[in-house]
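Work through the exercises below with the sequence and the model open side by side. Try each task before you read its solution.

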Amino acid sequence: MRDTQTNTAPLLSVRDLSVRFRTGDGLVHAVNNVSFDIDVGEKLAVVGESGSGKSQIALAIMGLLAKNGEASGKIMFDGRDLLHLPLGELNKIRARQIGIIFQDPMSSLNPYMTIERQLAEIVELHEGASRRDARKRALEVMDAVQIPDARARLDAYPHEFSGGMRQRIVIAMALMCNPRLILADEPTTALDVTVQAQIMKLLGDIQRDMGTAVVLITHDLGVVAGFCDETLVLYGGCIMEQAPTLSIFDAPGHPYTRGLLRAVPNIEDPAASLAAIPGSPPSQRKPPAACPFAPRCVDAVDACHLTLPDLDGDGSKRACLRPVEVLT
Amino acid sequence: MTDNVLSVRDLDVTFRANQTKKWPWSAPGKVHAVNGVTFDLAAGHTIGIVGESGCGKSSLIRAIAGLTPVASGEVWLDGAQIDYANRADMHRLRQSMQMIFQDPIASLNPRMTIREIVAEPLIYFRPDMDAAARRSAAEQMLDRVGFTSSQFNRFPHEFSGGQCQRIGIARAIVAEPKILLCDEPVSALDVSIQAQVINLLKDIQAEMGLALVFVAHDLGIVRHISDEILVMYMGGMMEQAPAGALIAKPLHPYTQALLSAVPIPDPRIQITPQVLEGDLPSPMALPPGCLFQSRCPKRIERCANVRPAHLTTGNRAVTCHLAERVEV
Amino acid sequence: MTSASRRLKSREFADAAAEEMITSRSFWADARGRFLRNRMAVFSVFMLLCLVVFALFGHTIAVWNYEEIDWAVLGQVKTEGGPSLENGHWFGVDELGRDLYARVVQGTRTSLMVGFVAGPLSVMLGALIGAMAGYFGGRFDQTVMGLYTIWISIPYIIFFVVWQAFFGRSLTQMIIVIIIVNWTAGLLIVRGQVMMLKNREFVDAARMLGMSDMAIIFKHLMPNVLWVVVIYTSLVIPEVIMAESLVSFLGVGIQEPNTSWGALISEGARTMTFGTLWQLAFPAMFFVIAQVSLFYIGDGLRDALDPKER
């Protein structure tokens with residue numbers, strides 16, 4: 001899909017993004033030289049397990065890294081580098097152009113404010129809308145996220161809603177200013193499957209209707225399969241593979257992606273034994289000098305422990321020294 | 001019933017809700033967490049218990065384990081009923097029934113080395129062993145679940161979630177119980193690690209002839225490990241069937257909705273989740289009719305007033321008025 | 001090289017790399033490392049140790065006994081009784097012509113004894129009650145919290161006055177009454193910690209072994225709240241020394257001929273207007289050194305033990 005839009009600059013372009021944290025025990029290298037683009041209206045999935053740095057990428061884009069964290073590289077949004085923007089400018093962009101949805105809806109909502117106030121405040125603050133217009137806009141958005149009986153529930157408080165409804169409200173907050181990009185950080189992890197399916201369908205509808213670009217950050221390959229055009233697989237803070245979702249599932253080019261896909265129990269076809277990936281997640285005390293997955297990789301050769309492979313290929317990119325044909 | 005290592009009959013669990021008291025002396029409200037659950041478990045078999053958050057599945061196994069008081073109902077162990085107030089009965093119960101927990105790191109005492117953690121149950125269940133024998137038994141068990149001797153003296157915080165869960169398993173099985181209660185043992189783990197833990201559980205089950213009670217919200221995993229699946233909703237049993245049959249042909253409307261929402265890791269299959277409208281009933285005031293009727297897409301008049309019976313036909317059972325009609 | 005042997009080699013490589021990254025140390029060893037890196041805290045420990053050595057062995061180098069009255073200077077304390085190396089009164093003499101150095105040694109001994117015996121014991125008492133209240137909850141917890149609320153609302157000076165009216169004014173009585181007054185120290189914080197910890201699943205795992213409640217409290221919960229107890233003790237010790245000094249200053253504490261920092265400071269303050277400033281300065285100096293050292297030690301312990309810092 002990149003090919004069809006080569007003439008336009010991408011909406012968001014991340015170049016050589018690294019995120020480090022200073023902790024009591026030394027530096028932690030959470031994200032290492034990550035680069036990717038998102039075009040207008042594109043749906044990109046960032047898949048990784050805990051500690052892969054996927055959430056830190058989202059926080060770095062929003063300028064919300066923890067105090068001891070530090071990002072380097074470039075995050076170009078609409079031609080401007082978010083990492084080097086003065087705070088006032090950054091605030092404007094992150095309020096009007098980028099919406100974020102976090103995992104836990106309850107922590108994104110102020111328990112002492114009505115839903116209407118929380119929604120309206122955003123446009124009042126950033127677009128100078130009048131109270132009345134803001135309320136109207138809040139109603140529109142509540143309808144857009146399919147909250148039944150929106151008018152009556154505008155004056156309710158967050159605790160009066162169920163988990164799924166709260167996540168809808170958080171999505172509504174993200175939509176208030178018609179953002180061009182939505183960052184969804186594990187938006188359904190805290191929810192039950194039936195609710196998860198509804199929320200993902202809602203996100204898909206909104207994306208289609210409004211043409212918003214979406215970065216979906218998740219650990220769940222099942223969620224990705226039904227949603228995104230392009231998928232980026234992270235491990236140990238490095239990109240392992242980036243390819244159209246279909247080819248990730250049909251012909252995964254990286255041993256880690258292969259392992260992940262095999263480790264998911266398939267409800268339709270329960271194999272005798274799940275193919276586990278041996279070993280434990282990597283330590284991030286040192287910047288990776290070699291492929292971070294090599295210690296757990298069944299296909300690793302000596303060179304894998306010594307060199308850090310580049311991400312290359314066109315269309316489907318992979319960071320692996322071994323050719324696809326020899327992978328198990 | 002003689003070859004069943006565990007039988008649960010009509011088990012109820014209720015909690016006191018002190019917040020609802022108007023005056024310090026008024027009677028506290030009752031939260032009905034588990035309502036009339038009945039099942040049998042044969043030695044070496046696995047029963048999977050699924051349901052969404054708040055369905056009482058954890059309360060159920062905590063009550064069986066004696067961690068939460070049983071309000072009414074019977075639990076039979078090896079053909080003899082357990083009296084939870086009787087010390088000797090409780091000792092017998094704990095000797096033959098151990099548990100692994102949801103949060104692998106919180107389930108290990110941070111101030112004990114992993115060898116001490118795994119050796120601890122032997123103090124209580126194998127009084128014939130001296131300290132040296134306990135130590136070597138613990139080391140053998142740790143070796144069995146994949147630790148090297150250089151790791152035995154370490155503390156839980158030095159291990160990853162998956163490793164901690166393996167330590168938890170080692171502690172649970174070191175005194176050779178007959179039944180292992182698993183309270184969402186993999187829901188806190190990454191996909192690649194989940195498979196390791198599931199495979200380890202299956203291997204150990206085969207070696208020791210353990211019976212597993214496996215509680216989880218992920219149908220894929222439950223399907224993978226279970227011989228039989230019990231679907232719970234609002235503390236009641238909705239459907240109980242051999243795993244394959246349940247997935248292939250769910251009879252209860254709730255099971256059908258649950259299955260339709262499970263994401264499938266294949267971008268070519270578009271799932272069409274059934275949307276469950278309506279609100280969950282309050283567990284403090286359960287409806288007189290079917291527990292699921294407020295959200296059921298197929299509800300008929302009788303559902304609101306008459307609680308359907310848990311009817312067994314062949315090797316499966318359903319709690320639904322509609323199913324009665326179909327089957328009979 | 002076959003692929004099997006290659007894999008073996010890489011696994012070893014991985015293990016070696018992992019080994020290098022993980023160093024196994026217990027929580028307390030870790031904390032000791034962090035504490036020793038805090039220079040001020042280590043220096044304070046050194047100062048405190050000096051005080052302890054002074055209290056234990058200071059009298060061996062004293063020229064005068066603390067009860068002896070130097071008749072040579074009595075009556076002309078203001079002119080002759082100042083600190084001097086010649087007559088052996090290194091810190092001068094007090095109003096009654098007794099050697100102030102010997103008196104300060106004795107006072108240091110008393111004050112440190114009160115602090116280091118009554119402080120830890122009262123925190124331990126409070127921690128035990130707090131742990132039980134937190135673990136059992138319900139009626140017991142309500143009763144303890146009720147008692148706590150009543151207790152802290154009573155001015156503690158009253159206890160000293162009343163207790164000493166009945167049992168006299170010895171050092172032992174002093175320590176006992178301080179423990180009784182201070183049983184609330186550490187109660188709330190340990191109760192809170194235990195309430196948080198008892199919901200962790202390792203407590204459930206212990207219950208699955210059939211451990212009794214008290215066994216769980218002592219074996220599984222106490223080791224996990226010990227760090228709080230240690231920090232709290234380091235805060236309570238200077239408080240207790242201060243409290244003892246205050247009541248002695250007010251005259252309801254330690255009785256003559258025994259003395260403490262508070263009693264000495266009290267005497268020194270009374271005679272300050274006569275120009276015998278050394279009678280206040282020396283005991284006050286020791287008192288301040290002890291308080292400042294204990295403060296920095298407490299600070300260092302908090303930094304070393306608080307897991308938030310990790």
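The exercises that follow treat a predicted model, chain by chain and then contact by contact.

**Exercise 1. Describe the fold of chain C: how many helices and strands are there?**

Step 1. Count the elements. Chain C has 13 helices and zero strands.

Step 2. Write the order along the sequence. The pattern is α-α-α-α-α-α-α-α-α-α-α-α-α.

Step 3. Check burial. Of the 310 residues in chain C, 40% are buried.

Step 4. Look at the range of the contacts. Take the contacts in chain C between residues at least 6 apart in sequence. Of these, 73% join residues at least 24 apart.

**Exercise 2. Inspect α11(C): what distance separates its end C-alpha atoms, and what would a straight helix reach?**

Step 1. Start with the length. α11(C) has 38 residues.

Step 2. Compare the spans. At 1.5 Å a residue, a straight helix would reach 56 Å. The end C-alpha atoms of α11(C) are only 45 Å apart.

Step 3. Look for a bend. α11(C) has a kink of about 60° at Met222(C). The proline Pro223(C) comes shortly after the kink.

Step 4. Go past the end of the helix. Gly251(C) follows α11(C) and has a positive phi, near 90°.

**Exercise 3. Place Phe249(C): which residues does it touch, leaving out those up to four places away in sequence?**

Step 1. Find the element. Phe249(C) sits in helix α11 of chain C.

Step 2. Classify the exposure. Phe249(C) has 18 other C-beta atoms within 10 Å. A buried residue needs 20 or more, and an exposed one has 12 or fewer. Phe249(C) is therefore partly exposed.

Step 3. List the contacts. Phe249(C) touches Gly262(C), Ile265(C) and Ser266(C), with residues up to four places away in sequence not counted.

Step 4. Take one distance. Leu85(C) and Phe249(C) are 164 residues apart in sequence. Their C-alpha atoms are 29 Å apart in space.

**Exercise 4. Trace the pairing of β10(A): how many bridges join it to β9(A), and how many to β11(A)?**

Step 1. Take the β9 side. Strand β9 (residues 230-235) of chain A pairs with β10(A) in the antiparallel sense, over six bridges. Thr231(A) stands opposite Ala243(A) of β10(A).

Step 2. Look at the turn. The hairpin of β9(A) and β10(A) has two residues between the strands. In this hairpin, Gly236(A) has a positive phi near 55°.

Step 3. Take the β11 side. β10(A) and strand β11 (residues 317-318) of chain A run antiparallel and are joined by two bridges. Gln242(A) stands opposite Lys317(A) in β11(A).

Step 4. Judge the burial. Six of the seven residues of β10(A) (residues 238-244) are buried, so the strand is largely enclosed by the rest of the structure.

**Exercise 5. Draw the open sheet of four strands in chain A: which are its edge strands?**

Step 1. Write the order. It is β2-β1-β4-β5 in chain A, with antiparallel pairing.

Step 2. Mark the edges. β2 (26-38) and β5 (80-81) of chain A each pair on one side only.

Step 3. Zoom in on one pair. β4(A) (residues 69-77) and β5(A) are antiparallel, with two bridges. Phe77(A) has Arg80(A) in β5(A) as its bridge partner.

**Exercise 6. Analyse the domains of chain A: which helix gives the most to the side of domain 1 that touches domain 2?**

Step 1. Set the bounds. Domain 1 is 3-97 + 177-326, and domain 2 is 111-173. Their centres, taken over C-alpha atoms, are 30 Å apart.

Step 2. Count the contact. Domain 1 gives eleven residues and domain 2 gives twelve.

Step 3. Assign the elements. On the domain 1 side, α2 (87-96) and α8 (193-210) of chain A each supply at least two residues. α8(A) gives the most, with five residues.

Step 4. Sort the residues. The domain 1 side has nine nonpolar, one polar and one charged.

**Exercise 7. Examine the contacts of chain B: how many residues of chain B are in contact with chain A?**

Step 1. Count. 34 residues of chain B are in contact with 35 residues of chain A.

Step 2. Find the main contributor. α6(B) gives the most to the chain B side, with seven residues.

Step 3. Sort that side. It divides into 18 nonpolar, twelve polar and four charged.

Step 4. Turn to chain C. The contact between chains B and C takes 24 residues from chain B and 17 residues from chain C. On the chain C side, the largest share, six residues, comes from α10(C).

Key:
Residues are numbered from 1 along each chain as its sequence is written. Chains are lettered from A and ligands numbered from 1 in the order in which they are written. This is a predicted model: local features need pLDDT of at least 70, side-chain atom pairs count only at pLDDT 80 or more; totals for chains, interfaces and linings use all residues. Two residues are in contact if their C-beta atoms, placed from the backbone, lie within 7 Å. Ala, Val, Leu, Ile, Met, Phe, Trp, Tyr, Cys and Pro count as nonpolar, Asp, Glu, Lys and Arg as charged, and the others, Gly among them, as polar. The expected span of a helix is 1.5 Å times one less than its number of residues. The bend at a residue is the angle between axes fitted to the seven residues ending there and the seven starting there. Two strands pair if DSSP finds at least two bridges between them. Domain bounds come from an automatic or database domain assignment.
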